[in-house]
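User: Could you take a close look at one part of this model for me, the small open sheet and whatever packs on it? Some context on the chain around it would help too.

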Amino acid sequence: MKRPRIGVFKFTSCDGCQLTILNMEDEILDILELFDIAYFREATDKPLRGQFDISIVEGSISTDWQKEDIVDIRERSRHLITIGACATSGGLQALRNWASLSSYKKHVYPSPDMITALSTSTPISDHVYVDYELWGCPINKDALSETLISFLIGKRPGIPRYSLCMECKRHGIPCILVSNGEPCLGPITKAGCGALCTSFERPCYGCFGPKDDANIESLMRYFHNLGLTQKDCISLLDKMNSYAYRKVRIEGSK
Amino acid sequence: MHTGRCELKAVSKIIKVDYLSRVEGEGGLVIEIKNGRTAKLRVNIFEAPRFFESFLRGRPYSDVMDFTARICGICPVAYQMSSVHAIEKIFCIEVEKPIRELRRLLYCGEWIESHALHIYLLNGPDFFGIESAWAAKEYLPIAKKGLTFKKLGNKILTILGGRSVHPVSVRIGGFYKTPGKKALAALLPELEKAYEESLKEIKWAVGLNFNDNSWDTEYVSLTHQDEYPMNHGSVASNKGLIMPMEKFIESVQEYQVEYSTALHSGIKRDSSVSPYIVGPVSRLNLNHDRLPSEIKNVIRESNISLPVTNTQMGIIARTVELAYAFYEAIRIINGYDEPDKPFVDFEIGAGEAVWITEAPRGILIHRYELDDAGHVKSCTIIPPTSQNFGHMEADIYHFLQNNADKSEDFIKKESEKIIRSYDPCISCSVHVMKIEK
């Protein structure tokens with residue numbers, strides 16, 4: 001059987017999700033037997049050529065040239081999978097979507113005119129059709145191998161879409177929100193991390209993004225009763241997945 | 001074969017590397033040679049800017065470690081360490097010894113993971129003339145060894161922080177939760193084996209082929225009287241510079257160049273700004289006398305002459321530090337007793353502080369100013385790679401002085417190799433935007 005051709009692409013991001021591929025220390029050599037990694041700039045010198053069976057895309061769209069590049073990559077790809085909070089939700093850098101870009105540039109660069117960036121950072125799915133999304137900041141490496149293997153055998157990946165609370169219950173972790181009264185985003189956040197923060201006795205900060213049909217308003221009312229201000233609540237949602245939480249919140253209020 | 005002089009005289013060419021590969025982030029290289037001399041040389045950075053220093057403004061102090069970690073997926077711990085220490089300094093927090101040691105252990109995990117990635121998967125293939133760590137059968141055993149080391153580094157990070165990329169356990173005053181002695185001790189057999197193996201790797205690295213590109217330059221790192229530096233110390237250089245962290249930031253001039261979205265930096269002296277290098281080579285040159293005698297012996301037996309003056313030998317310094325990180329992890333775990341409380345209590349207050357720690361790629365400078373409520377008023381983040389850009393260009397410039405007449409392919413490959421020997425992390429360096437592509 002001909003090995004499917006994989007391309008790994010990066011837009012605006014920290015490289016952490018593509019590093020997840022190299023962090024599959026036990027599986028990577030097997031993966032290389034099953035797939036032809038034909039483009040992966042972080043790990044090989046291979047130039048960009050031809051079509052891909054699967055393109056794995058990290059990072060958000062935040063410059064003009066990226067808008068063009070993502071269309072080119074889509075046209076080269078039979079399937080396109082986005083990985084991580086930047087690619088699925090614009091990432092931390094999407095916080096500029098709710099601020100003024102000119103003031104942002106001024107804070108970082110002495111000569112802001114030399115810098116050209118879009119005023120927004122947006123997920124890949126705002127620009128091209130995406131076949132499958134892997135959420136998380138960073139993604140879970142087991143979810144990535146599950147997705148790749150599912151592709152090979154032609155099934156839908158078994159990635160949870162329910163909330164983090166399910167994962168906490170399964171791990172027998174006492175509820176931080178109810179027992180300790182700490183503002184935990186677990187009820188509105190996708191499972192998939194393995195209940196990491198809560199196992200370290202800290203509330204979830206939402207790095208896997210909103211679960212489908214999350215009732216954000218209800219949780220915010222609960223936080224309000226715990227004594228949090230409106231500003232505190234927004235600050236909790238406005239992190240690596242601010243774009244997605246804001247979107248789900250607006251949709252939920254309609 | 002061409003050896004003629006007239007040909008050498010007439011050499012004019014433009015050499016372009018559109019995309020640097022086997023580095024983290026997005027950059028390229030342009031070299032223009034006119035009449036056999038380097039007329040223009042620049043490492044282009046077109047990684048898109050993310051404006052961290054802007055969106056951190058107004059955020060509560062407790063967000064800072066989670067946010068800055070996202071600057072880099074390869075060295076998130078470095079960002080957490082520089083920021084947590086800076087903020088603790090503002091709040092006048094002194095952590096207890098077990099916490100200090102656990103943070104050092106966390107750093108050992110990151111040094112191992114990051115160094116192993118660079119030595120075996122990114123830089124190693126250069127010395128074998130292959131395009132990736134899996135491009136040649138002969139290289140696979142070497143790659144596998146690297147993966148075994150890397151996995152162990154990630155294991156330390158996972159036990160201490162839940163996951164290796166953007167760990168979740170670091171907080172102001174200590175950790176959200178500390179591991180039990182047993183969980184850490186379980187790592188010891190693997191660590192001891194890896195340490196023994198890694199000592200041999202120093203000799204392996206010394207045996208690789210290096211082009212000599214030595215020149216008199218300035219090495220900068222932290223230095224500490226009792227230990228090889230990670231989280232504490234003063235800033236020192238081989239040119240007599242020695243100063244506390246908060247003074248060093250005043251000596252660094254960050255400057256913007258039109259072809260890069262990463263700010264460059266140099267050391268201010270009188271009216272000039274001169275490039276300097278940070279990272280494993282600098283650390284080793286300035287701190288080798290703090291290494292344990294066993295590693296010192298291997299350095300002596302391997303005939304590594306110190307200081308290392310050829311930055312292409314970064315891979316040697318990295319293997320020395322890989323061995324040291326294993327040694328240190330074993331020492332810390334053996335002496336560890338779980339603290340009664342994972343963090344100390346503190347009071348929030350206004351203030352400003354600078355802290356510098358040793359990221360795998362060199363000193364990482366953070367400065368924060370907080371208001372009374374503990375919200376960020378302003379901050380400065382100077383990553384190691386942006387400090388190295390100026391030096392990287394100077395290094396290639398030196399190389400070209402003797403090699404401008406060589407083939408384009410040779411110059412291209414060797415220049416890329418020089419850049420890669422810094423283990424540049426372009427994602428980090430860019431608080432940043434595409435100018436040229």
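Analyst: Here is the sheet, then the chain it belongs to and the contact with the neighbouring chain. This is a predicted model, in which local features need pLDDT of at least 70 and side-chain atom pairs count only at pLDDT 80 or more, while totals for chains, interfaces and linings use all residues. Residues are numbered from 1 along each chain as its sequence is written, with chains lettered from A and ligands numbered from 1 in the order in which they are written.

The sheet sits in chain B: three strands, open, in the order 1-2-3, with antiparallel pairing. Strands here are DSSP E runs of at least two residues, helices are H or I runs of at least four, and both are numbered from the N terminus. Two strands pair if DSSP finds at least two bridges between them. Strand 1 (13–17) and strand 3 (37–45) of chain B are at the edges; each has a single partner strand, so one side of each lacks a neighbour in the sheet. From one strand to the next, the twist averages 10°. Angles run from 0 to 180 degrees between N-to-C directions, with axes fitted as lines to C-alpha atoms, for helices over the stretch in contact.

Zooming in, strand 1 of chain B and strand 2 (residues 27–34) of chain B run antiparallel and are joined by five bridges. Lys16(B) has Val30(B), in strand 2 of chain B, opposite it. What packs on the sheet? Helix 14 (residues 408–421) of chain B does, touching strand 1, strand 2 and strand 3 of chain B, and its direction makes about 45° with that of strand 1 of chain B. Touching, or contact, means that C-beta atoms placed from the backbone lie within 7 Å.

Now the wider chain. Chain B has 15 helices and 14 strands, and its C-alpha atoms fill a box of roughly 75 × 45 × 40 Å along the principal axes. Of its 437 residues, 54% are buried, meaning 20 or more other C-beta atoms within 10 Å (exposed is 12 or fewer, partly exposed in between).

As for the neighbouring chain, the contact takes 48 residues from chain B and 49 residues from chain A. Helix 2 (52–55), helix 3 (64–69), helix 5 (97–123) and helix 6 (140–161) of chain B each supply at least two residues of chain B's side. Helix 6 of chain B gives the largest share, four residues.

Key. Contact = placed C-beta atoms within 7 Å.
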